[in-house]
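Reader: I'm in my first year and still learning to read structures. Could you take me through the aromatic rings in this one, slowly and in detail?

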Amino acid sequence: MELNQVLTKNCYSADDEFWAPTTARLTCMCMNTFGILPDFIRKECVKEMMLCAGPGGKMIIGCWHRDSLRTGYEQFYSKHPELCGVCKESDFDFEKGNFNCSSSDYTSHWWTQDELRQMIAEVFPGKPEDLNISFEIIGVGIFAICDIAKDATLTR
């Protein structure tokens, strides 16, 4: 089910205060959740998150930053095989930001600012001028912070 259908069916009826134009909503996806989603579902997830945030809302996607993938390999993945499986350096495409663990079916994508900006802008369900995207890089993470204009018209 789509995010907004689940929320309406299981959490907040369509006439609930949650959906009121005066309610400030924030949708977030934290760290590697976005990077491990299958390619075919990522864009739809982002669109649903924006529709949930709605006009005047915010969407934040935190994920691993491609520039830190080597650090991820050296300090995290190679030291914690219980999480993803035993990995080797050849499992990592540092240039493209991909990790495909050869000892398991675990995969992860690490993002650039340009890659995130392009994908978010592509699926924004409104006018481009109604979306402001800024970025924060903290440690090995990159955060896309999306502000949707209060007067934006979003379409499914």
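Author: Happy to! Let's begin with what counts as a pair: two rings of Phe, Tyr or Trp (for Trp, its six-membered ring) are paired if their centres lie within 6.5 Å. The model we are looking at is a predicted one, and by that rule it holds 14 aromatic pairs.

A pair of aromatic rings is described by two values, the distance of the centres and the angle of the planes. Take phenylalanine 18 and tryptophan 19 as a starting example: their ring centres are 4.8 Å apart, and the planes stand at 90° to each other. Planes over 60 degrees apart count as edge-to-face, and that is the label this pair gets. Phenylalanine 18 and tryptophan 19 are both buried.

Now try tyrosine 77 and tyrosine 106. Here the centres are 6.1 Å apart and the planes meet at 50°, so this pair is tilted. Look at where the two partners sit along the chain. Tyrosine 77 belongs to the loop between helix H4 (69-75) and helix H5 (81-84), while tyrosine 106 is in the loop between strand S4 (98-100) and strand S5 (107-109). The pair therefore ties together parts that are 29 residues apart in sequence. Is each of these tyrosines buried or exposed? Buried means under 20% relative accessible area. Tyrosine 77, at 4% relative accessibility, counts as buried, and tyrosine 106, with a relative accessible area of 18%, is buried too.

Next, step back from single pairs. Tyr77 and Tyr106 belong to a cluster linked by ring pairs, whose other members are Trp64, Tyr73, Phe76, Phe92, Phe94, Phe99 and Trp110. Try colouring these residues in your viewer and following the links from ring to ring.

While you are looking at side chains, you could also check the cysteines. A search of the whole structure finds zero disulfides. Cysteine 63 sits beside Trp64 in the numbering, and its sulfur is 11 Å from the closest cysteine sulfur, in cysteine 30, which is too far for a bond. With 0% relative accessibility, cysteine 63 counts as buried. For cysteine 146, the closest cysteine sulfur is in cysteine 28, 10 Å away, again too far for a bond. Cysteine 146 is buried as well, at a relative accessible area of 0%.

Definitions and conventions. Residues are numbered from 1 along each chain as its sequence is written. This is a predicted model: local features need pLDDT of at least 70, side-chain atom pairs count only at pLDDT 80 or more; totals for chains, interfaces and linings use all residues. Side-chain values use heavy atoms; hydrogens and water are left out. A disulfide is a pair of cysteine sulfur atoms within 2.5 Å. Buried means under 20% relative accessible area, exposed over 50%, partly exposed in between (1.4 Å probe, protein chains only). Rings of Phe, Tyr and Trp (its six-membered ring) pair if their centres lie within 6.5 Å; planes under 30 degrees apart count as stacked, over 60 as edge-to-face and the rest as tilted. Helices (H or I, at least four residues) and strands (E, at least two) are DSSP runs, numbered from the N terminus.
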